[in-house]
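Biologist: I should like a close look at a single part of this model, set out for a first-year student. Please describe the metal site and the strands beside it in the chain.

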Amino acid sequence: MTDYFQEMGWRELQDGEQPDHFLHLARLLMDYNIYDDNFTGEWPRLPPPASKEIVNKLPDISIDTTDKNCPICLKTFEIGEKAKKMPCEHIFHPVCILTWLEKTNSCPFCRHELPTDDETYEAFKKEKKRAVQRKEDLEVLHNSMFS
Ligand SMILES: [Zn+2]
Ligand SMILES: [Zn+2]
């Protein structure tokens with residue numbers, strides 16, 4: 001009796017043979033398109049790293065208390081230890097926050113964003129801000145007309 005798969009021109013993968021990568025890629029692309037349909041105006045992936053210049057300028061502080069800990073590694077700071085202070089006032093071990101900011105631009109504790117060196121992302125942020133501003137302007141207009 002002829003095997004059904006053989007008849008259809010299908011066969012099992014031979015030893016060392018790989019599945020069809022193009023098919024896999026096509027599926028991935030389809031998944032991404034579905035993602036795009038649900039696009040909500042948020043940046044679709046992790047924001048880019050913080051601007052090198054800004055990171056270099058983060059002030060170093062000297063710890064003078066034992067009741068604070070680093071939000072990244074959760075270790076308690078020791079008195080006299082050096083730490084980096086973010087513009088949002090949160091403090092971290094230099095190695096902890098520098099590693100973090102090489103990956104993405106926001107404070108891991110409160111999500112305060114630092115500027116990035118990524119032009120596309122900066123344009124996206126500006127556009128988002130403008131959209132919020134437009135909405136606020138409309139609300140002000142609405143309130144002034146109806147109150
Ligand atoms: Zn730490
Ligand atoms: Zn923060």
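Modeller: The following account takes up the reliability of the model, then the zinc site, then the sheet and one of its lysines.

This is a predicted model, in which local features need pLDDT of at least 70 and side-chain atom pairs count only at pLDDT 80 or more, while totals for chains, interfaces and linings use all residues. Residues are numbered from 1 along each chain as its sequence is written, chains are lettered from A and ligands numbered from 1 in the order in which they are written, and side-chain values use heavy atoms, with hydrogens and water left out.

The pLDDT, the predictor's confidence in each residue from 0 to 100, averages 82 over the chain, and 71% of the residues score at least 70. Over residues 32–39 the pLDDT is below 50, and this stretch has two contacts in the model beyond near neighbours in sequence (a contact means heavy atoms within 4.5 Å). Where pLDDT is low, the predicted coordinates should not be read in detail.

The zinc ion (ligand 2) has as protein donors Cys88 (SG), His90 (ND1), Cys107 (SG) and Cys110 (SG), at 1.9 to 2.4 Å. Donors are N, O and S atoms within 2.8 Å of the metal (3.2 Å for Na, K and Ca); water is not among the atoms, so sites may look incomplete. The angles among the four donor atoms are 106 to 117 degrees, and the site is tetrahedral, a term that requires all angles of four donors to lie between 85 and 135 degrees. Along the chain the donors follow the spacing C-x1-H-x16-C-x2-C. Cysteine 88, in the loop between strand E2 (82–85) and strand E3 (91–92), and cysteine 110, in the loop between helix H4 (94–101) and helix H5 (119–146), are 22 residues apart and link distant parts of the chain. Helices (H or I, at least four residues) and strands (E, at least two) are DSSP runs, numbered from the N terminus. Cysteine 88 is buried at 17% relative accessible area, whereas cysteine 110 is partly exposed at 37%; buried means under 20%, exposed over 50% and partly exposed in between (1.4 Å probe, protein chains only).

Three strands form an open antiparallel sheet in the order E1-E2-E3. Strand E1 (60–62) and E3 stand at the edges with a single partner strand each, so one side of each lacks a neighbour in the sheet.

Lysine 84 belongs to strand E2 and is buried, with a relative accessible area of 10%. Among the residues that lysine 84 touches, not counting those up to four places away in sequence, are Leu58, Asp60 and the zinc donor His90.

How values were computed:
Four donors count as tetrahedral if all angles lie between 85 and 135 degrees; four count as square planar and six as octahedral if opposite donors are over 155 degrees apart and all others between 65 and 115; anything else is irregular. Two strands pair if DSSP finds at least two bridges between them.
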